[in-house]
Amino acid sequence: MRVSDRFELPPDKAALHRRAVRLEWWTILFFVVAITMLAVTLGQSQAMKAAWIEDMLGLVPPAAFLIAARYRTRTPTTRFPYGYHRSVSVAFLAGAVALFGLGGYVVYDSAMRLVARERPPIGLVEVFGQQIWLGWPMIAVLFATMVPAIMLGRVKQRIARDLHDKVLFADAEMNRADWLTAGAAILGILGIGAGLWWADAVAALIIGADIVRDGVRTLRGAVADLMDERPLVVDGSRPHPLPDQLLMAVLDQDWVADAWLRLREEGHVFAGELIVVPRPDTDSLVERLERLEKFARGFDWRMHDLVIAPASRIEGKP
Amino acid sequence: MRRGVSLLVVVVLLVGGCGWPRDTGTTLADVRDGVLRVGVTESPPWAWAPDQGDPQGAEVWLVQRLAQRLGARIEWYPGSETALMPALKDRVLDLVVGGLDAQSPWIEHASLTRPYVTTRTFIAVPPGVAVPDDLSGVRIAVPAGTAEVAALTSEDADVVAVPEVTGSEGLPVVVGEWRLGDKLRASEHELAKQDHVWAVPPGENGWQVQVEHFLLDLSHDEVTELLLRAEDAR
């Protein structure tokens, strides 16, 4: 049997992945432009600092995705005999930490502003000789950054489900967090204009709490992945159906008396061990096992690396 | 999202014109037909407080003009920036003026207005005197105790520190651009550039916008004229 190959995604999924790579490059471009636009309109204000940090964190998941995309299909080496699929899991962890960090920062920053009873000043700006309240161009810029974030997030979420790509999913969450904070900032600016100094901080606090919740969930998912949790669907809401389906299919083989399967996620794909108890008087067992391995890999594209061991009895199933 | 847009449009229409933005406190309402409490820091010719009588200076006169427009009576509080700026934060003062620069480090306590005028400091020469490109060894009259002394010393100029630059030293002198004219012409050496601002209590955005409208409507020539008048008044 062949113990290593570079294959990871079937052709249609690979095309989808290439699309995701392009999307992530667009995301990076978007964040760089957003950072520059914010710098121009907001000048030296505190709000600028917060937006800047948020956008910097927003760069982490797409960067992690793109780096992982370079490694994930590398052939296993003697040093990394399991291959590089897990680079995707590592990127997922990086993205989750960034998301959690963003939420934590937003909560901390807005709570501190509330405690310090900070009253944000927003004065006039001259645009083409017209004196207008700086709040309006700030809102315009924030709104302009919201629209692409919403669209990028939606497309990524769909692709992430199809690809079983959790990094991409975390990044979509990040885009959601991004447009939510921008929305909160717009409400905050309107509040400041109406003379409510606390509006900005309170809006950011509520959104920040939501991002923290999201971040904790994603972070738990990423850590559990590295702990070889059983495969979950991409948003982590329920177990992935593949392991059970595969086990049923194996048990359906007429020469298999009993079987036990454990699988873990390695980025996009699953790997694991299958123990089968052949019926007594099964002939040409080695050939049957080899055929079973081919069958398992053909069962679903995610089923990537399966070691099959025959045994006479299975004990101590969890 | 379409709902968000229409909400935004409605809000913009509602607030268009009628007192937007508003103060988080009540500064503008208190000042209008009331009392304007102004901190003044010593910074001639922008502002200075003589031993007797009201403060004088270009920005002091501008404050008087603003107060007149708002029907406010002015209370002057001369002091150092260290004393005045924290008073802004808690709205004990409504305004601090006196040659403040946009780079001043008081943004934790005060909100600085948008710069309303930019002034440059030049090495200027009386007719018949020349300034070489290389300043090393050149005698230049500089107001004593200013950063310009250090700037010129670092270029190896022969600094002649004077209490007051009069223009009749017969030397190249360091002056603000408003003093340039027939008697003093600018050389190519620009020593400093200052963006002038006033300071208002943070978050009093209605008041800040009022002050900024007033300041941004001033022309550069108007400010120069006031500065010259202030120089004469001293």
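This tour moves from the whole of chain A to one of its residues, then to its contact with chain B and the domains of chain B.

**Chain A as a whole**

The model is predicted. Begin by selecting chain A, whose secondary structure amounts to nine helices and five strands. Coloured from the N terminus, its elements follow the order α-α-α-α-β-β-α-α-α-α-β-β-α-β. Aligned on the principal axes, the C-alpha atoms of chain A occupy a box of roughly 90 × 35 × 30 Å. The radius of gyration of chain A is 25 Å, whereas a compact globule of 318 residues would have one near 20 Å. Of these 318 residues, 43% are classed as buried. Among the contacts in chain A with a separation of 6 or more, 68% join residues 24 or more positions apart.

**Helix 5 and Gly153(A)**

Next, select residues 135–163 of chain A, which form helix 5, and pick out Gly153(A) within that helix. Is Gly153(A) buried or exposed? Gly153(A) is partly exposed, because 19 other C-beta atoms lie within 10 Å, while a residue needs 20 or more to count as buried. Now display Ala172(A), Asn175(A) and Arg176(A): these are the contacts of Gly153(A) once its neighbours within four places in sequence are left aside. A distance drawn from Gly153(A) to Leu168(A), C-alpha to C-alpha, reads 9.2 Å, and the two are 15 residues apart in sequence.

**Helix 7**

Move on to helix 7 of chain A, residues 199–226. Its 28 residues should span 40 Å at 1.5 Å a residue, and the end C-alpha atoms are 40 Å apart, so the two values agree. After helix 7 of chain A comes Asp228(A), which has a positive phi, near 60°.

**Where chain A meets chain B**

Show both chains and select the residues in contact between them: 17 from chain A and 18 from chain B. On the side of chain A that touches chain B, strand 1 (124–127), strand 2 (130–133) and helix 6 (166–193) each contribute at least two residues. Coloured by class, that side of chain A shows 10 nonpolar, five polar and two charged residues.

**The domains of chain B**

Finally, hide chain A and colour chain B by its domain assignment, with domain 1 as 25–116 + 197–233 and domain 2 as 118–194. Taken over C-alpha atoms, the centres of domain 1 and domain 2 of chain B are 29 Å apart. At their junction, six residues of domain 1 of chain B are in contact with four residues of domain 2 of chain B. The domain 1 side of that contact in chain B consists of three nonpolar, one polar and two charged residues.

Definitions and conventions
Residues numbered from 1 in each chain as written. Chains lettered and ligands numbered in written order. Predicted model: local features only at pLDDT ≥ 70, side-chain atom pairs only at ≥ 80, totals over all residues. Contact = placed C-beta atoms within 7 Å. Helix = DSSP H or I, 4+ residues; strand = E, 2+ residues; numbered from the N terminus. Nonpolar A, V, L, I, M, F, W, Y, C, P; charged D, E, K, R; others polar. Buried ≥ 20, exposed ≤ 12 C-beta atoms within 10 Å, placed from the backbone. Expected span 1.5 Å × (residues − 1). Domains from an automatic or database assignment. Rg over C-alpha atoms; globule rule 2.2 N^0.38 Å.
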